[in-house]
Every structure is written in C-alpha cells, then in structure tokens.
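Student: I've got the sequence and the structure open side by side. Can we walk through the packing together?

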Amino acid sequence: MAIPGQFEGRLKLPAIVAPMFLVSGPDLVAECCNAGLVGTFPALNHRTTEGFRGWIHEIRARLKPDAAPFGVNLIVHKTNPRLEADLQVCIEERVPLVITSLGAVPELVSRVHGAGGLVFHDVINARHAQKAAEAGVDGIIAVSAGAGGHAGTLSPFALVEEIRAVFGGTVVLAGAINSGAQVLAARAMGADMAYLGTRFIATAESMAPDAYKRMLVASRAADVLYTPAISGVAANFLRPSIVQAGLDPDNLSTHGTLDMANEAKAWKTVWSAGHGVGSIHDIPPAGALCERLVAEYAAARAAL
C-alpha cells in the first residue's frame with residue numbers, strides 16, 4: 001500500500017474529491033485542497049482549452065502554501081476533440097495529478113511524467129487495471145458498484161483484491177463513500193485512498209443546479225438507476241431526474257455508443273448519483289464538509 005510521495009504531509013485525509021462533469025470547478029477544487037483533500041475537475045468543464053488553462057491559474061492563485069495537490073481529469077476517447085490540446089496545457093502548467101478515463105495510453109503517461117506529474121486511471125474491472133498497469137500509471141481508481149457516474153458492478157472487496165493482484169501502486173476506491181469512517185474502511189480493505197463524488201455535489205461551491213442538490217438530499221439508494229441508455233456507457237442516475245426530463249426510467253430507449261458531443265446535453269438534464277445518496281442530508285460549504293470528514297476519520301480510528 002502506498003500514497004504517492006508527492007502527497008505526503010499535504011493531506012489531512014487520504015481522499016480525492018472526484019472530478020465531476022458539469023459540477024466541479026475552481027471554487028470546489030480550491031476549497032477542498034485548502035481543507036486537505038485532493039480537489040479535481042474535468043478539463044471539459046470549461047468550454048475552451050484556454051479557459052481551462054485560466055481555471056488552473058485561478059486555482060493556483062487561491063491555494064494556501066500547505067494546500068493538498070489538485071488534479072485534472074482528461075477523457076481519453078476518440079470522440080474528445082480537445083484531448084491533445086488539454087493534455088498539452090496540463091504538461092505546460094505542470095498539473096500535479098492527471099486522472100484519465102476511457103483509455104490508458106503509455107505515451108500520455110510518459111508525457112505527464114516528463115512534466116513531473118502523476119497519472120491515475122479509473123477502471124471497473126481487473127482487465128482494465130492490467131492495461132493501466134502496463135501503461136505505467138501511478139495509481140488506479142477502482143470504480144466499484146454503487147459509484148456515481150460511470151460505475152462498475154463489482155463489489156469493492158472483490159475489485160480491490162483483483163487490482164492488487166496485478167498492480168503495486170496507489171489504489172483509490174470509489175463507490176458510495178460519504179463519511180470519514182467509510183474512508184477508513186476503504187483503507188482497511190486494502191485501498192490507499194478513497195474517492196468521493198456524490199457527497200460533494202451537494203455542497204455550496206458545487207456548480208450543480210440548486211434543484212439537483214435538493215434532489216440529492218431528498219433521494220435514497222432506491223432512487224438510483226444503473227443504465228447505459230443516457231450516455232452510451234453504463235452509469236448511475238437519479239430516477240426522479242429521468243422523469244423530470246420527460247423520460248420513463250423503466251422504458252428507456254437503447255442508446256448508441258459514447259459520443260462526447262452528446263455527453264454534455266445528456267448529463268445537463270439527467271443527473272447522476274451513487275448509492276450512498278441516502279446518507280446526504282445537507283448542503284454545507286465544501287470546506288466544512290472536509291473538516292467533518294477529517295473528524296469522522298479520526299473518531300473511527302480511535303473507536304477501533
């Protein structure tokens with residue numbers, strides 16, 4: 001088990017706040033990093049590459065000297081026309097952490113390493129983990145059953161063990177993690193860090209619409225539907241948001257393959273959430289939520 005040396009002494013909690021499409025921006029990232037968690041955002045959350053670069057500058061200007069590192073998510077898929085330009089910005093700006101999705105590419109890893117950055121890659125099974133390990137990534141994010149967004153179907157116990165069998169680097173666990181005690185549980189089962197997404201949608205600094213945040217507070221695990229029909233890749237979505245968009249969640253038409261041109265439209269009207277949504281009861285400032293998680297983690301360790 002290993003947390004990267006670049007993170008040592010800079011984290012108050014071994015956790016990454018996931019890069020959430022149309023949700024994560026400079027406000028959320030800066031607050032989380034300053035509170036001691038790794039804050040991240042998707043490059044595509046800004047409409048242009050130059051605007052994306054501006055966000056990096058804005059985040060850096062707002063970070064305290066002892067802040068945790070920040071990261072950027074890149075979609076490594078043939079339908080993402082901005083991949084090369086956004087990757088070049090990450091290299092030029094020496095982004096500390098690049099999180100790749102939908103493709104583990106050795107050349108990309110090498111280029112980020114050349115700029116002093118780390119590369120983590122998200123996977124849903126051991127086969128994808130093996131490919132990521134062969135590509136030379138520093139960390140693998142195990143996206144288990146119950147995670148928000150594009151999620152897998154494997155139990156976190158099974159997925160972490162299978163990844164450990166083929167990879168010796170940093171393992172980060174995603175899937176319905178909302179509390180400091182659950183971060184500790186992730187480490188106890190063999191992960192090095194936890195990956196929290198849905199819980200941070202319901203924060204003051206999130207870019208999600210207020211109605212989305214209120215729906216998270218009102219929803220339970222039974223309100224989450226796992227389907228490929230929205231974006232072309234199986235993901236967890238809130239059933240009430242599907243109904244709100246004028247669709248029947250029990251009779252969704254088959255979607256084609258993933259296409260980034262249609263991705264933003266789909267996720268703007270249909271909202272994602274993980275199975276842990278039932279334990280979200282408020283919409284606090286992100287910094288206050290981070291402090292709560294740190295305190296819960298310490299209390300859980302003491303209790304054990």
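Tutor: Sure, and keep in mind that this is a predicted model. Let's begin with helix 7, whose buried residues are covered by parts that include strand 8 (170-174), strand 9 (193-196) and helix 12.

Student: Which residues of helix 7 are buried?

Tutor: Helix 7 covers residues 180-188. Seen down the axis, its buried residues fall within an arc of 155°, so they line one face of the helix. Their names are Gly-180, Val-183, Leu-184 and Ala-186.

Student: And just after helix 7, which residue takes a positive phi?

Tutor: Look just past the end of helix 7, where the phi is about 120°. The residue is Gly-190.

Student: Now helix 4. What do its buried residues pack against?

Tutor: The buried ones in helix 4 (residues 106-114) are Leu-108, Val-109 and Val-112. They cover an arc of only 100° around the axis, which puts them on the same side of helix 4. Their packing partners are helix 3, strand 4, strand 5 (118-123) and helix 5 (126-135).

Student: Which residues are exposed on the other side of helix 4?

Tutor: An exposed residue has over 50% relative accessible area. On the side of helix 4 away from the buried residues, that applies to Glu-107 and Gly-114.

Student: What phi does Gly-116 take?

Tutor: Gly-116 comes just after helix 4. Its phi is positive, at about 85°.

Student: On to charges. How many salt bridges are there?

Tutor: Side chains of opposite charge can pair when their charged atoms come close. The cut-off here is a Lys or Arg side-chain nitrogen within 4 Å of an Asp or Glu carboxyl oxygen. By that rule, the count is 12.

Student: How far apart are the closest N and O atoms of Arg-62 and Asp-27?

Tutor: These two residues form a salt bridge. Arg-62 lies in helix 2 (residues 49-62) and Asp-27 in helix 1 (residues 26-34), so the pair ties together parts 35 residues apart in sequence. Arg-62 is partly exposed at 33% relative accessible area, and Asp-27 is partly exposed at 37%. Their closest N and O atoms are 2.7 Å apart.

Student: Arg-62 also bridges to Glu-58, so what separates those two along helix 2?

Tutor: The closest N and O atoms of Arg-62 and Glu-58 are 3.1 Å apart, and Glu-58 is partly exposed, with a relative accessible area of 33%. An α-helix has 3.6 residues a turn, so residues three or four places apart point the same way. Arg-62 and Glu-58 are 4 residues apart in helix 2, so what separates them is about one helical turn.

Student: Are Glu-93 and Arg-53 buried or exposed?

Tutor: They form a salt bridge, with the closest N and O atoms 2.9 Å apart. The pair links distant parts of the chain, 40 residues apart: Glu-93 is in the loop between helix 3 (83-92) and strand 4 (97-101), and Arg-53 is in helix 2. The cut-off for buried is under 20% relative accessible area. With Glu-93 at 15% and Arg-53 at 17%, each counts as buried.

Student: Which residues do salt bridges that share partners join into one network?

Tutor: Follow the shared partners from one bridge to the next. The network takes in Glu-50, Arg-53, Glu-92 and Glu-93.

Student: In the largest nonpolar core, which residues touch the most other members?

Tutor: That core has 74 residues, and its largest share, 6 residues, comes from helix 12 (residues 286-303). Leaving aside neighbours within four places in sequence, Phe-200 contacts residues including Val-17, Leu-28, Ala-286, Leu-289 and Leu-293. The members that touch the most others are Ile-163 and Phe-200.

Student: Which strands stand at the edges of the open sheet?

Tutor: The sheet has 3 strands in the order 7-11-10, with antiparallel pairing. Strand 7 joins strand 11 (residues 235-238) through 2 bridges, and Gly-149 has Asn-236 as its bridge partner in strand 11. Each edge strand has a single partner, so one side of it is left without a neighbour in the sheet; the edge strands are strand 7 (149-150) and strand 10 (224-227).

Student: Last one: which residues do ring pairs link into a cluster?

Tutor: A search of the whole structure finds 4 aromatic pairs. The cluster linked by ring pairs is made of Phe-41, Phe-52 and Trp-55.

Methods:
Residues numbered from 1 in each chain as written. Predicted model: local features only at pLDDT ≥ 70, side-chain atom pairs only at ≥ 80, totals over all residues. Heavy atoms only, no water. Buried < 20%, exposed > 50% of the residue type's maximum accessible area, 1.4 Å probe, protein only. Core = buried A, V, L, I, M, F, W, Y, C linked by side-chain atoms within 4.5 Å. Contact = heavy atoms within 4.5 Å. Arc of directions from axis to C-beta. Pairing = 2+ DSSP bridges. Phe/Tyr/Trp six-rings, centres within 6.5 Å; stacked < 30°, edge-to-face > 60°.
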